[in-house]
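Reader: I should like to learn how to read a structural model, feature by feature. Would you kindly take me through one?

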Amino acid sequence: MAVTIMDHPLIHHKLGIMRRKATSTKEFRDLVSEVAMLICYEATRKLPLTDIEIETPLVKTIAKEIEGKKLCIVPILRAGLHMADGILNLIPNAKVGHVGLYRNEETLEPVEYFCKLPSDAAEREIFVVDPMLATGGSAVAAIDILKKRGITKFHFLCLIAAPEGVDRLTKAHPDIDIYIGNLDERLNENGYILPGLGDAGDRIYGTK
């Protein structure tokens, strides 16, 4: 298991725009996809390659391709959907599953309401995506759900995280790799990340 915090200037620049209260719904939505794509670039760095023979316009040669190509993106609904869109720009042939969770506002704990995965999900390398890793409850619950369905190869990608969420996720699932756009300061008394960027789902869909 490894926790990787991004240090790319483009990621930090785009996150800075996302944090602004005045950023429009459209711009925020587009930036979610763009930052997810940049994080995915790092998260796929260790995918195994295999040699294949191809023919260029001039000669035959040996090229590289991703071995197996069995990848699956699993956004946590609803905010994770636009992260999945960005990742699909890089990996257009990946399959997509969905896990639906909502947060009980009194307990701050996740409640499952939906799960739909490709039939061969257990054979695939899974990229679980959610913009925020706050208390860690949703991430832990989503991976619990997937593990019960026989999935063993995981990566978790988020735009921003609180230390409390990272600690909870790593303790509950020490076998997964975590990729974080930026590690923020802390959670507030309501379980929101500070300085954060507000409620990602509401800002993506303009529902608040």
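**Reading the model**

Author: Let us begin with one helix: in α3, the residues His82, Met83, Ala84, Gly86 and Ile87 are buried. Here buried means under 20% relative accessible area, exposed means over 50%, and partly exposed lies in between, with a 1.4 Å probe and protein chains only. Helices (H or I, at least four residues) and strands (E, at least two) are DSSP runs, numbered from the N terminus. This is a predicted model, in which local features need pLDDT of at least 70 and side-chain atom pairs count only at pLDDT 80 or more, while totals for chains, interfaces and linings use all residues. Residues are numbered from 1 along each chain as its sequence is written, and side-chain values use heavy atoms, with hydrogens and water left out.

Reader: Against which elements do the buried residues of α3 pack?

Author: Contact means heavy atoms within 4.5 Å. By that criterion, the buried residues of α3 pack against α2, β4, β8 (125-129), β10 (154-161) and α6.

Reader: How many helices and strands does the chain have?

Author: The chain has six helices and 13 strands.

Reader: How is the overall form of the chain to be judged, and what is its radius of gyration?

Author: The radius of gyration is taken over C-alpha atoms, and the globule rule is 2.2 Å times the number of residues to the power 0.38. For 208 residues the rule gives a value near 17 Å for a compact globule, and the chain, at 18 Å, agrees with this. Along the principal axes, its C-alpha atoms fill a box of roughly 60 × 40 × 30 Å. Of the 208 residues, 46% count as buried. Among contacts with a separation of 6 or more, 65% come from residues 24 or more positions apart.

Reader: How many disulfides does the structure hold?

Author: A disulfide is a pair of cysteine sulfur atoms within 2.5 Å. The structure holds zero disulfides. The sulfur of cysteine 72 has its closest cysteine sulfur in cysteine 115, 10 Å away, which is too far for a bond. Cysteine 158 is likewise in no disulfide, the nearest cysteine sulfur being that of cysteine 40, 14 Å away. Cysteine 72 counts as buried because its relative accessibility is 0%; cysteine 158 counts as buried at 0% as well.

Reader: How does one read a cis peptide bond, and where do such bonds occur here?

Author: Most residues other than glycine have a negative phi, and most peptide bonds are trans. In this model, the bond from leucine 77 to arginine 78 is cis, with omega near 5 degrees. Arginine 78 is in the loop between β4 (71-77) and α3 (81-90). A cis peptide bond also joins leucine 194 and proline 195, where omega is about 0 degrees. Proline 195 is in the loop between β13 (193-194) and α6 (200-205).

Reader: How should I read a single position in a helix? Is isoleucine 39 buried or exposed?

Author: An α-helix has 3.6 residues a turn, so residues three or four places apart point the same way. Isoleucine 39 is placed in helix α2 and counts as buried, because its relative accessibility is 0%. Leaving aside neighbours within four places in sequence, isoleucine 39 is in contact with Met6, Ile11, Leu157, Cys158, Leu159, Tyr179 and Gly181. Isoleucine 39 and glycine 86 are 47 residues apart in sequence, and their C-alpha atoms are 9.8 Å apart.

Reader: Which residues does threonine 25 touch?

Author: Threonine 25 is also in helix α2, which covers residues 25-43. With a relative accessible area of 30%, threonine 25 is partly exposed. Not counting residues up to four places away in sequence, threonine 25 touches Arg203, Ile204, Tyr205 and Gly206. Its C-alpha lies 9.5 Å from that of threonine 207, although 182 residues separate the two in sequence.

Reader: What is the setting of serine 138?

Author: Serine 138 lies in helix α4 (residues 137-148) and is partly exposed, with a relative accessible area of 23%. Outside its neighbours within four places in sequence, serine 138 is in contact with Ile76, Leu101, Pro110 and Asp130. Serine 138 and proline 75 are 63 residues apart in sequence and 11 Å apart in space, C-alpha to C-alpha.
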